[in-house]
Protein chains: 4
Amino acid sequence: MKKVKVGIVGLGRLGRKHAENLAFRIPHCELTAVCSVVEEEVQEVMDEWNIPYGYTKYEDMLANQDLDAIFIASPSNFHCEQIKQALSLGFHVFSEKPLGLYVEEALDVERAVKAHPNQVFMLGFMRRYDRSYMAAKEKIEAGVIGEPFLIRCYGLDPASKMDSFLKFARANYSGGLFLDMSIHDFDLARWYLGAEAKEVWAIGGSYARPEFDEIEDAETGAAMVRFEKNAIGIFVAGRNCAHGYHIETEIIGTKGTLRIGTVPERNQVVIMKDEGVIQECVDGFLERFEQAYLSEAEEFINCILENRKPAITVEDGVQSTILGYSCKKSYETGQLIKVNAENLVT
Amino acid sequence: MKKVKVGIVGLGRLGRKHAENLAFRIPHCELTAVCSVVEEEVQEVMDEWNIPYGYTKYEDMLANQDLDAIFIASPSNFHCEQIKQALSLGFHVFSEKPLGLYVEEALDVERAVKAHPNQVFMLGFMRRYDRSYMAAKEKIEAGVIGEPFLIRCYGLDPASKMDSFLKFARANYSGGLFLDMSIHDFDLARWYLGAEAKEVWAIGGSYARPEFDEIEDAETGAAMVRFEKNAIGIFVAGRNCAHGYHIETEIIGTKGTLRIGTVPERNQVVIMKDEGVIQECVDGFLERFEQAYLSEAEEFINCILENRKPAITVEDGVQSTILGYSCKKSYETGQLIKVNAENLVT
Amino acid sequence: MKKVKVGIVGLGRLGRKHAENLAFRIPHCELTAVCSVVEEEVQEVMDEWNIPYGYTKYEDMLANQDLDAIFIASPSNFHCEQIKQALSLGFHVFSEKPLGLYVEEALDVERAVKAHPNQVFMLGFMRRYDRSYMAAKEKIEAGVIGEPFLIRCYGLDPASKMDSFLKFARANYSGGLFLDMSIHDFDLARWYLGAEAKEVWAIGGSYARPEFDEIEDAETGAAMVRFEKNAIGIFVAGRNCAHGYHIETEIIGTKGTLRIGTVPERNQVVIMKDEGVIQECVDGFLERFEQAYLSEAEEFINCILENRKPAITVEDGVQSTILGYSCKKSYETGQLIKVNAENLVT
Amino acid sequence: MKKVKVGIVGLGRLGRKHAENLAFRIPHCELTAVCSVVEEEVQEVMDEWNIPYGYTKYEDMLANQDLDAIFIASPSNFHCEQIKQALSLGFHVFSEKPLGLYVEEALDVERAVKAHPNQVFMLGFMRRYDRSYMAAKEKIEAGVIGEPFLIRCYGLDPASKMDSFLKFARANYSGGLFLDMSIHDFDLARWYLGAEAKEVWAIGGSYARPEFDEIEDAETGAAMVRFEKNAIGIFVAGRNCAHGYHIETEIIGTKGTLRIGTVPERNQVVIMKDEGVIQECVDGFLERFEQAYLSEAEEFINCILENRKPAITVEDGVQSTILGYSCKKSYETGQLIKVNAENLVT
């Protein structure tokens, strides 16, 4: 039986997790090459996991004729270019979100993907492969809550990582709070509601740390979105969540409500002591979405093997980026903003 | 020891509950008179509870020299006038929310209350006397969550009462969804955040029942409010909550978060059977706020006996009304609205 | 309309709560007399609540011809004698649990109650009037869980009160852990299972505080009981619960399970901060069973007014005492014990 | 780098899950051979997963010189003999619980393991590798709950599987309810308490289905165990859990309590609809312990590669079997039983 041979670019925290999954946990997949600008990372992974090829230049990896597919887990500003290069050379491509840092980049990727219709392209909206989020989708499709008309999404990073974010954000352009943190939520909203965003108002500010004002970003922000069919979207994003990594989604329909992740529980242990009854919480995306990261990569490999396309399309990435930029623009201007690409392309 | 003698107007569901509390459950209080336009209600309560005086005309009750205080639980459109009359005759006054159906009425009541500084006036924002909401306030004041900067409030009536609401709403002006359902939430937001609303955008629609469009009201709606200090308010109100009466409040601060009523549990029983683990829910305000209704009435009586003023002021009623009307205007125009009284007084 | 005139004996923590309910919160009830060996308590309550009669001798209160009913909230060792005296003088009687400190006393009271069939006698098994426990009973009777066959009951006092208990227990005979703490649970087990206890094995010890060994009592203990129809009872009682006053009951039936009080939540506030998601807990019976204490007293008054008998009978008290003493005997001897009165009467 | 080559015997539900993990999800492990008396199963797995060797006779697989380790997932009555054979031929051995169906068998295996001190032997007490159970152990070792002195364990199979169990049990000897269902709980109790069982009383019966009486087994049963240091063990096992597969463990210590799995939640989705707020539950061990099954197999492979022994020893298996048989004996005789091997070996 054929094994899909994959090369990965980017060996940071998430990149390394992807690499480990590709190397050891996915049937019919082989991690054949790793690439990072940090030479030690490349060497370390090659040695530790017995990976045959290692590169510090992306172009060199793309020249490897053994490879079937490229997995992109590099910093966001490289995504657009790396996706296009890999597609043009005939590789199947998986890319971490976002498609790019600007709407133009997202649209650029969209064109490239459409120009290579026989290659698998998949975007890392891993939540769609998380068991809880999948179960919610099934409930909705089974009519359990009737017609969904309101979605509320929280995406809150733990306060413990605020310092390192501020350090990163001073040196890099992240796209800002809504694009960086809420993009998964925007995708979920479109997925669950089956509707596109029409208008948005976004507010917020810096509350604990004035440095966020300095970098012209929000520490915590909220966006309210009017979707088609008057559906309501409420999005809260933040970088100062005391209790951990809080990803919560609520979908209200005409006959019921679903909530996912109301308490971001770390495990099934409850502690009862002086302070009360305590549930400890997860502290980051690797912990919360471990299963989803594996499942999405499995789906990518299976799509290649079975010659089919994943349910997540490049347009999902484009639309989420457009909504993210609309939030950003609303936050910066204080205005109510119509959501469309033309408003955003400069 | 002196007993405060109270006359109540309005013997509907909530009025009767208030009457029962005043008659039997509050030390040093005596329910001396009841008044309702429905004569049978008056007779029934007089007989059942041994109440000495009964009236079908409010003015007649106000003429009773035995009474110290008037408790107003009549329909909202009577509040403004009845408050003013009772105050002008020297009575202490408790009134159910709202102060009136229009901003003008609220301002009118405010003037009347200020003109009678020696009488106790209290508005029925009972949630401030609910033990859970009180505990949350204490936590905030103790600094447990740092500086609060975001509040999210859900006020959802049970779907089981949607029909009777629609019937009522066709015949009566309720002020609309936000004024009718969210006014308690607006008060809580101001109380917990210690800030006034500056701007609002409200959206929503009818999802299950087109009749809401006909009466130009929202079945479910959401309002996002920018408060002073860039604090964020998110308000969801609705009339179609499948699982019951869902009153939920979340306050996020710089060091932590409080949630009140995440699951609107009916009691401490959990049922485990085929469908899963089930928590049954409360189905209305009388069930959820039974303790608060009693405690607020006790506070009213104690204020009279101890010659002091309650913490809830008429201004709390005025500001909440202004915010409610701002939501209504935003919902109706689709615009982002500055919150101030001048915009609303016609 | 007639008011029931009540005299209460015992003005400790629970006694005073009962007195306050009788004085102010129950329709058609009047707290006419109070009695305590502590003269200051009597004076204080009379003054504060305007009570007409006060006594330091129980016999003097019984001589008051104005009274209809006697409410006994004195220390447990007085219950038996005080119940008998009041019954013999024609009063209706409510007594806190237990009927007495010994099986003989319980049987003695049973004879007295049966000798006065026209007077209301009620025992303070207040949990049967707690809304959650009542709802559980209704669910069972409605067949929601099929035929109940296993009950698990936790009765754990907060660690914060361990010192004061040890001080009390050195000077007084409490009946021991199982009789003192589990008697409500024994009553619930019989009520929910509809079966009597046949055999018991009880174990336990002192774990945090060796003083419990010195007073020959268990700090925490567990009893397993075989009931009729092979139904299973599991009872855990203790005096060292770190998180508060933990009263939990589980009933497993052939078609489902009910759990009451899994988390002994203080209110509906949840705190999310560094440590995780925290639910604070109740710290004692007055907090947990406030509603039940009021409802049971209302039921007592209503029984008198309506000339009917409460559902709780003196036999419920006798059987629970017999089971409590059987646990005690098993704990002390290490043996498996048949449950019956003959084994216990010396 | 070396890969450990494993042959597995038993391709039932759990066996196939183990096989899949060994084949695809564990670094440095290769599933080289599969064995089952059902020839189609062998062929199917070989074809589907590209496994080089397949057998219908266990002895034939043991003759394969390529193999390093044997994984035993066959029916319980084969465990003892298959373990001994594999050990004697020099293989590392992983065996599903139990060591054998009788205490004699368990002691037999113990002798065999001790006779081969240089081979890895591991018993499938997978819960010790479940993240929640591991976290609980860490909390205890960190002193969070002080000294543990009471453990309560529920092991309840879903009602949906009662029919198939009854069918199986009529044809096979399972060891009975306590040995079959509670053996993991007995291991957890010893692990968390750090104490051995001294005395036990076990009761129970058939409640929904009289067939259990016919096969002389309990449908649901409870055992109370006195451990060393007077520690208390409460074990409930059953085959008729309406809401799913309910594995719950509580450990009470002198300073706090831990609970694991209070609600056997299927995922993080909560459904709110007419009936209330609903959490769906897991329906079997494969769903609940998926992560643990993988982690234990990884640990087995790592032990081989790193030339060390797993924390679970053969004695853990022996002691749990002894306690299980003591429960069985108590249940059958109705007597309080001292726990020791001599009582049980016939």
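1. Let's start with one residue and its company. Not counting residues up to four places away in sequence, B:Phe227 touches B:Ala189, B:Arg190, B:Leu193, B:Ala195, B:Glu196, B:Ala197, B:Lys198, B:Ile232, B:Gly233, B:Phe235 and B:Leu323. Bear in mind as you read on that this is a predicted model.

2. Now the setting for that residue. The largest nonpolar core has 209 residues, and B:Phe227 is among those with the most contacts inside it, along with B:Tyr192, D:Tyr192 and D:Phe227. There is also a second, separate core of 208 residues, which includes A:Leu11, A:Leu62, C:Cys29 and C:Phe178. As a bit of background, nonpolar side chains tend to be buried together in soluble globular proteins.

3. Next, chain A as a whole. How many helices and strands does chain A have? There are 13 helices and 15 strands in chain A. Its radius of gyration is 20 Å, close to the 20 Å that the globule rule gives for 346 residues, so chain A is as compact as a globular protein of that length. If you like to think in boxes, the C-alpha atoms of chain A fill one of roughly 55 × 50 × 50 Å along the principal axes.

4. Staying with chain A, here is how its residues are covered and connected. Of its 346 residues, 64% are buried. Take the contacts between residues at least 6 apart in sequence: 70% of them join residues at least 24 apart. The accessible surface of chain A is about 12,300 Å², and carbon and sulfur atoms account for 48% of that. On the charge side, chain A carries 37 positive and 53 negative side chains, with the centres of the two sets 4 Å apart.

5. Helix H9 of chain C, residues 183-193, is worth a look. Is it mostly covered or mostly open? Mostly covered: 11 of its 11 residues are buried. Charged names turn up on the buried list as well, including C:Asp185, C:Asp187 and C:Arg190, and so do C:Phe186, C:Leu188 and C:Trp191. Right after the helix comes C:Gly194, whose phi is positive, near 60°.

6. B:Ser320 is another residue to click on. You will find B:Ser320 in helix H13 of chain B, residues 314-333. Its relative accessible area is 0%, and because buried means under 20%, B:Ser320 counts as buried. Setting aside residues up to four places away in sequence, B:Ser320 touches B:Phe125, B:Ile183, B:Phe186, B:Asp187 and B:Arg190. B:Val339 is 19 residues away along the chain, and the C-alpha atoms of B:Ser320 and B:Val339 are separated by 11 Å.

7. C:Thr220 has partners in two chains. This residue sits in strand S9 of chain C, residues 220-227. C:Thr220 is buried, at a relative accessible area of 4%. Leaving aside neighbours within four places in sequence, its contacts include C:Leu177, C:Tyr207 and C:Val236 from chain C, and D:Phe149, D:Leu150 and D:Ile232 from chain D.

8. Now for some backbone oddities, beginning with cis peptide bonds. One joins B:Lys97 and B:Pro98, with omega about -5°. Where is B:Pro98? B:Pro98 lies in the loop between strand S5 (92-95) and helix H5 (103-115) of chain B. In chain D, the peptide bond from D:Lys97 to D:Pro98 is cis too, with omega near -5°. D:Pro98 lies in the loop between strand S5 (92-95) and helix H5 (103-115) of chain D.

9. Positive phi angles come next. C:Asn307 has phi near 55°, a positive value in a residue other than glycine. You can spot C:Asn307 in the loop between helix H12 (290-306) and helix H13 (314-333) of chain C, and at 69% relative accessibility this residue counts as exposed. D:Asn50 is not a glycine either, yet its phi is positive, about 60°. D:Asn50 is in the loop between helix H2 (39-49) and strand S3 (53-55) of chain D, and counts as partly exposed at 47% relative accessibility.

10. Last stop: D:Lys161, in the loop between strand S7 (148-158) and helix H7 (162-171) of chain D. At 25% relative accessibility, D:Lys161 counts as partly exposed. Which residues does D:Lys161 touch, not counting residues up to four places away in sequence? They are D:Arg13, D:Asp283 and D:Gly284. D:Leu31 is 130 residues from D:Lys161 along the chain, and their C-alpha atoms are separated by 30 Å.

Terms used
Residues numbered from 1 in each chain as written. Chains lettered and ligands numbered in written order. Predicted model: local features only at pLDDT ≥ 70, side-chain atom pairs only at ≥ 80, totals over all residues. Heavy atoms only, no water. Helix = DSSP H or I, 4+ residues; strand = E, 2+ residues; numbered from the N terminus. Rg over C-alpha atoms; globule rule 2.2 N^0.38 Å. Buried < 20%, exposed > 50% of the residue type's maximum accessible area, 1.4 Å probe, protein only. Contact = heavy atoms within 4.5 Å. Areas by Shrake-Rupley, 256 points an atom, 1.4 Å probe, with all protein chains shown as cover. Lys, Arg positive; Asp, Glu negative; His and termini not counted. Charge placed at Lys NZ, Arg CZ, Asp CG, Glu CD. Core = buried A, V, L, I, M, F, W, Y, C linked by side-chain atoms within 4.5 Å.
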